[in-house]
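Reader: I am new to this structure and should be grateful for a close look at a single part of it. Kindly begin once the structure is displayed.

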Amino acid sequence: MASEGFFSISVASVLEDVLKEHGKRLSDMDLASRKAEEAAARRYEVARWLRKTVGVVGAKDLPEEPSEDEFRLGLRSGLILCNALNKIQPAAVPKIVASSGDSVVMPDGAPLSAYQYFENVRNFLVAVQDIGLPTFEVSDLEQGGKSSRIVNCVLALKSYSEWRQMGSGGSWKFGGNARPSISGKAFMRKNFDPFSNSLARSQFMDDRESSEQNLNQVESSEMPSPSLNVLVHAILSDKKPEEVPALVESMLSKFMKEFGRRIASQNELVKTAIKGLQDDGKSFSKMKIPADPSSAISEFKKEKEVVKCTRLKENFHNNMKHEEASKEQLLKQYSIIDRQQRDIQLLRRDLQTARAGMEFMQMKYLEEIHVVGKHMHSLANAASGYHKVLAENRKLYNQVQDLKGSIRVYCRVRPFLPGQIRSSNVGCIDDENITIITPAKYGKEGQRTFTFNKVFGPAASQEEVFSDTQPLIRSVLDGYNVCIFAYGQTGSGKTYTMSGAKVVNTQNMGVNYRALSDLFNLAEKRRGTFTYNIAVQMIEIYNEQVRDLLVCDGLNRRYPFSWPIHG
Ligand SMILES: Nc1ncnc2c1ncn2[C@@H]1O[C@H](COP(=O)(O)OP(=O)(O)OP(=O)(O)O)[C@@H](O)[C@H]1O
């Protein structure tokens with residue numbers, strides 16, 4: 001909760017704010033120079049201790065007061081560090097690697113022996129970590145590295161050495177003489193783990209960003225803040241002893257005022273928070289805000305409990321209502337499901353009935369199909385029999401035509417034309433014979449009888465003449481060649497017999513028209529069985545000349561002709 005933060009007033013923070021207000025004169029420049037002074041003093045102390053502990057190692061003695069670069073370069077090979085550690089704790093680093101190049105201090109960037117570089121420094125760091133001392137990164141020995149971490153490590157080692165020299169008993173105090181007096185920081189080690197905290201505190205001046213964190217750590221351990229110490233020191237350092245009491249009095253009065261102001265503001269915040277909760281309809285009882293924040297907190301906690309219980313009750317009631325509503329809905333759903341199940345039963349019954357009906361229909365249909373199939377089969381048999389019979393009939397028909405004769409000669413006697421003298425020399429006509437009376441010769445009338453396949457008298461109609469030739473016409477459709485032609489003298493009636501009168505009608509229609517009409521009728525009847533291509537040619541033979549009578553362009557074409565055959 002946001003309000004919880006308002007109860008954490010720290011006396012140290014108030015004091016620090018007051019001091020800061022007093023210490024306006026302390027500029028950042030002062031802080032920077034003090035930081036540098038402190039870092040240098042610590043570095044000198046480390047160098048002096050190492051010189052005293054290790055002495056000259058490999059002709060690389062650290063100066064008593066080395067610069068930061070001299071400090072790094074002197075320790076870069078790891079020889080001094082390893083030897084120092086082995087002095088304090090023998091064989092902590094089992095093997096120290098030295099090379100011929102160790103007699104010369106290697107400048108930055110110059111490659112060290114990789115073996116030496118990794119072995120000595122790494123072995124030192126491993127051993128230091130095993131002991132529980134703060135360590136540093138290998139890169140801190142290079143240019144740009146944090147030498148403060150190396151200093152911290154060696155100071156911790158120094159403290160550890162002193163502790164061992166005192167017999168390793170009791171608590172190990174570190175930092176009493178490891179810090180320059182200006183820092184005023186205590187570096188206490190109660191066990192090995194807090195070394196990390198100690199290191200963080202020692203780095204305070206190096207890293208201003210971590211100052212807030214360090215402040216909290218100091219407050220939690222009831223130790224004065226390092227920044228407080230610095231501020232107090234900065235304010236009082238340039239004061240005369242007689243000025244100090246007045247200054248302290250002034251600072252204390254300001255501190256009391258600030259502390260009172262913060263307490264008041266906290267109370268206001270608590271009141272506002274409680275009012276907000278009451279406005280939300282929570283069951284807060286009327287609450288007096290005590291002057292004591294701790295009692296306010298306990299009251300506030302109690303009220304929170306009451307609100308929590310009320311909420312739980314409300315939740316319980318809401319859940320019950322919700323459950324009842326769910327039950328009602330469930331009952332409705334059950335009734336709907338029952339109705340739907342009944343509907344489904346009815347539908348199933350209807351479906352079964354429909355299915356039975358369909359099966360019955362299907363059975364009937366199959367039966368009918370079977371019967372129809374049988375009929376079809378018998379019809380096919382009958383059709384094939386019919387075709388056989390038809391072929392047989394045709395064969396017999398043509399045989400009859402052959403028996404009648406391939407060449408048949410008919411004789412037709414024309415009636416007298418209007419205006420002609422009715423003097424005939426036709427004596428007698430029967431079915432096949434005609435008797436011609438010849439003129440008297442030598443005073444004696446003569447007569448001759450001629451026999452034909454058929455003789456038509458003057459009363460014979462066009463239909464009678466055609467009916468006798470019709471069977472021959474039908475043979476054409478069975479593949480037989482048939483030729484019908486008329487022969488006789490001029491005016492004897494050839495054209496009339498073959499074509500008809502000048503004005504053709506159904507009565508006087510000649511053999512040609514009737515034969516063609518008969519052929520087309522037959523072809524139409526047999527269309528499902530046969531396809532016929534029909535062509536017509538009509539010629540005249542006159543004076544031993546053959547002429548095409550169907551030419552209609554007026555030209556008198558003579559044999560041989562050439563004409564297209566059309567279907
Ligand atoms: N059977 C018949 N009944 C009635 N009239 C007929 C008959 N035969 C012929 N005629 C008539 O006789 C006349 C002569 O007939 P048609 O022209 O047919 O003779 P044709 O033999 O064709 O003569 P051509 O050889 O000169 O052409 C026509 O007027 C025709 O109408």
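How do the residues of the shell around the ligand divide into nonpolar, polar and charged?

Author: This is a predicted model, in which local features need pLDDT of at least 70, side-chain atom pairs count only at pLDDT 80 or more, and totals for chains, interfaces and linings use all residues. Residues are numbered from 1 along each chain as its sequence is written.

The shell around the ligand divides into four nonpolar, six polar and two charged residues. Here Ala, Val, Leu, Ile, Met, Phe, Trp, Tyr, Cys and Pro count as nonpolar, Asp, Glu, Lys and Arg as charged, and the others, Gly among them, as polar. A residue is near the ligand if its C-beta atom, placed from the backbone, lies within 6 Å of it. The residues around the ligand include Arg414, Pro415 and Leu417, as well as Gly488, Thr490, Gly491, Ser492, Gly493, Lys494, Thr495 and Tyr496, together with Ala501.

As for the setting, the protein chain comprises 14 helices and nine strands, where helices (H or I, at least four residues) and strands (E, at least two) are DSSP runs, numbered from the N terminus. Helix H12 covers residues 462-477. Its 16 residues should span 22 Å at 1.5 Å a residue, and the end C-alpha atoms are 23 Å apart, which agrees; the expected span is 1.5 Å times one less than the number of residues. H12 has a kink of about 45 degrees at Thr469, shortly before the proline Pro471, the bend being the angle between axes fitted to the seven residues ending there and the seven starting there. After H12 comes Gly479, with a positive phi near 105 degrees.
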